[in-house]
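Please follow the structure below from one of its helices to its sheet, and from there to the surroundings of its ligand.

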Amino acid sequence: TETLLRLENVYKHFHVRGTGWFGRGGSYVHAVDGVSLDVRAGETLGLVGETGCGKSTLARCVARLHDVTDGSIVFQGRDITRLPARKMRPVRQDIQMIFQDPYGSLNPRRRVGSIIGDPFAIHGTESRRARRLRVQELMELVGLNPEHYNRFPADFSGGQRQRIGIARALALRPKMIICDEPISALDVSIQAQIINLLADLQDELGLTYVFIAHDLSVVQHVSDRIAVMYLGQVVELAPTDELMNRPRHPYTNALLSAIPVADPDRAEQRERVVLAGDMPSPISPPEGCRFHPRCPKAAPYCVENVPLLEPRLGDRDDHVASCHFPVAEGEDIALESPSIDE
Ligand code: SF4
Ligand code: MG
């Protein structure tokens, strides 16, 4: 399969000013800290991790809403990491984003037709009439009534507003859409409709998705492969079935244990693993394996040595995890993580 997007050792650090006793020089938030991964044409890559793990920052780097601190972003074989704005414009058409809060990203004082048609106004030279027809086609494509062209965002329900966001993202026929928690703000009854719409659009238009979420319960159903992020790094990456059945990283295992099993064919419910504490601050990530303060399997070796992201326990090349003591099938894991720092 063709690689559409390649991230090579991407870093994004934000400078924060020093405050109070914490020091004058300020410090750096290591939001994204050395991420390498490929996205294949036509697939859905799920990107999962707790709030603050860096997944949205990574997405924004890909869409070039942020400049990266280091590393490179290669799209369709072309390094776009430092393309100047003028050369970036056509690439930007190919990589679009859908956001969690469709309402927050829609100007309440503008008519829906002109919101969806914005990209044409910015990029194209089409006449108003041609533009209106294209917008109405898009509205139909995403399941909105094209006659509601002149209504305002407030006239639409939450699910319909997300459809407006999707229509706008599709306007310039992108190759890739980064979906940043696109259903987290919606009623459960509406979530499946939006998921189905995204799946239909993918088939119809040959789209590639990066699908971001804070838990595995949704991404497991939509993703071909899943990358799990923790504190700015990918800690495990595998095809979805493989990741769900043979999680190697204790963090992935803990995330999985939190999902109720609805599928009667699947193995019985894993016992829930409760992680100690919260994710540490990305300003000064822990030494060695950054998961060690919360890991139920942590050993002194983990504090000193950084684990590489590579195949473990004889897994195929497409299943990689960064853990010195990966989880074996059927292994009994402590249900509460002791903290080895205490
Ligand atoms: Fe846990 Fe050690 Fe593996 Fe890190 S390397 S996840 S601390 S067992
Ligand atoms: Mg699909």
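**From a helix to the sheet and the ligand**

Directly after helix H4 comes Gly143, a residue whose phi is positive, near 80 degrees. The model is a predicted one, and in it H4 covers residues 128–141. With a rise of 1.5 Å a residue, its 14 residues should span 20 Å, and the C-alpha atoms at the two ends are indeed 20 Å apart, so expectation and model agree. Arg134, Val135, Gln136, Leu138 and Met139 are the buried residues of H4.

The sheet is the next element to trace. It is open and consists of seven strands with mixed pairing, arranged in the order S6-S7-S8-S3-S9-S10-S11. The edges are held by strand S6 (95–98) and strand S11 (320–321), each of which has a single partner strand, so that one side of each is left without a neighbour in the sheet. The partnership of S11 with strand S10 (residues 233–239) is antiparallel and extends over two bridges, and Glu236 is found opposite Ala321 of S11. Helix H6, formed by residues 188–205, packs on the sheet, where it touches strand S3 (44–48), S6, strand S7 (176–180) and strand S8 (208–213), and its direction makes about 160 degrees with that of S8.

The last stop is ligand 1. Which residues are around ligand 1? They are His249, Pro250, Cys289, Phe291, His292, Cys295, Lys297, Ala298, Cys302, Cys323, His324 and Phe325. Sorted by class, this shell comprises eight nonpolar, three polar and one charged residues.

Methods. Residues numbered from 1 in each chain as written. Chains lettered and ligands numbered in written order. Predicted model: local features only at pLDDT ≥ 70, side-chain atom pairs only at ≥ 80, totals over all residues. Heavy atoms only, no water. Near = heavy atom within 4 Å. Nonpolar A, V, L, I, M, F, W, Y, C, P; charged D, E, K, R; others polar. Pairing = 2+ DSSP bridges. Helix = DSSP H or I, 4+ residues; strand = E, 2+ residues; numbered from the N terminus. Contact = heavy atoms within 4.5 Å. Axes fitted to C-alpha atoms, helices over the stretch in contact; angles between N-to-C directions. Expected span 1.5 Å × (residues − 1). Buried < 20%, exposed > 50% of the residue type's maximum accessible area, 1.4 Å probe, protein only.
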